[in-house]
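Hello,

Here is the structure I said I would hand over. Please look through it first, then read the notes below it.

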Amino acid sequence: MKELRQTLMQSIFEVFEKMFYIFLEPSDVHFLGFDVEADIDFKGALKGSVSLQLSHNMIKHMVSHLLNVPLDQVTDEHIQDCAKEATNMICGNFITRADRQNAYDFSSPRFFTTLKGPWPYSPDGKSESIRLNFDSDSGRASVILSLSN
Amino acid sequence: MSITALIVDDSRSIREVIRRIIRISGFGPVRCIDAVNGKEGLEILSREKVDVVLTGIHMPEMGGLEMLAEMRKQATLQNLPVVIIASDAGLRRLKNAADLGCGKFIKKPFYPEEIRKALADAGQLKEAGPDERAETDIDAVDF
């Protein structure tokens with residue numbers, strides 16, 4: 001799990017820095033009060049899901065940087081699409097780094113404005129999970145990797 | 001003469017980003033057409049003259065590789081340059097894409113320069129003037 005944690009961290013940094021021009025700082029604090037969440041399932045030699053939780057300020061900055069739109073012109077549609085796409089990129093990048101040899105199926109990303117619940121959560125009671133927390137000038141983010149047995 | 005690029009992705013954000021990169025990349029006039037999945041992409045290809053296709057892989061109804069497989073069955077689309085832009089870049093996926101004649105596979109996340117270079121390499125889009133941009137790290141796979 002330690003190796004997967006490091007791999008996931010690299011994927012998150014790469015996505016946020018390349019696509020959103022946001023430089024994250026890892027944090028030991030498990031923040032509460034995230035405003036939006038997106039997740040995606042993957043299935044292959046590894047099986048599980050990746051969830052991305054974001055503060056409102058963070059997702060607005062992500063949209064603004066990605067699409068070059070002013071913060072006050074960011075729409076709910078922008079927010080939903082951007083959160084889903086960021087989750088898709090983190091998951092795909094992570095899987096490519098963690099297991100480049102095998103083919104994987106991915107679900108369509110889902111978007112939520114009501115978070116799934118306090119971490120750690122295990123929908124089937126059989127999952128292991130890693131949670132990574134980040135802070136930045138643009139807001140806060142958490143990424144949760146859940147692996148099914 | 002205007003060039004037409006077909007951008008196929010279910011994310012509106014990604015389609016907008018790619019369109020903006022094309023617009024600011026210093027190519028001549030480029031007409032961009034959007035499609036939200038491979039099925040819509042094929043419909044557009046059946047009625048429009050397209051010079052280059054940029055597509056994702058995982059999309060509802062029909063993905064990018066399925067669209068590419070259908071394209072290669074049609075004589076008029078067999079040699080159309082295709083650039084795949086996807087976060088899922090496992091070796092099997094890359095081989096599938098190469099087997100279908102995909103000329104370039106760009107891994108998400110990407111730098112704008114990677115899209116510009118892929119389009120220039122596709123041979124359809126000619127730069128309008130002297131290119132003074134510095135080269136950045138290229139994270140794309142050539143076949």
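Chain A has three helices and seven strands. Keep in mind that this model is predicted. Read from the N terminus, the elements of chain A come in the order α-β-β-β-α-α-β-β-β-β. The radius of gyration of chain A is 14 Å, and the globule rule gives 15 Å for 149 residues; the two values are close, so chain A is as compact as a globular protein of that length. Along the principal axes, the C-alpha atoms of chain A fill a box of roughly 45 × 30 × 25 Å.

Two further values describe the packing of chain A. Of its 149 residues, 42% count as buried. If you take the contacts in chain A between residues at least 6 apart in sequence, 70% of them join residues at least 24 apart.

Now to chain B. How many helices and strands does chain B have? There are five helices and six strands. What is their order from the N terminus on? In chain B the elements run β-α-β-α-β-α-β-α-β-α-β, so to follow the chain in the viewer you can tick off each strand and helix against that string.

The corresponding values for chain B are these. Chain B has 143 residues, of which 43% count as buried. Among its contacts between residues at least 6 apart in sequence, 68% join residues at least 24 apart.

Regards

Definitions and conventions. Residues numbered from 1 in each chain as written. Chains lettered and ligands numbered in written order. Predicted model: local features only at pLDDT ≥ 70, side-chain atom pairs only at ≥ 80, totals over all residues. Helix = DSSP H or I, 4+ residues; strand = E, 2+ residues; numbered from the N terminus. Buried ≥ 20, exposed ≤ 12 C-beta atoms within 10 Å, placed from the backbone. Contact = placed C-beta atoms within 7 Å. Rg over C-alpha atoms; globule rule 2.2 N^0.38 Å.
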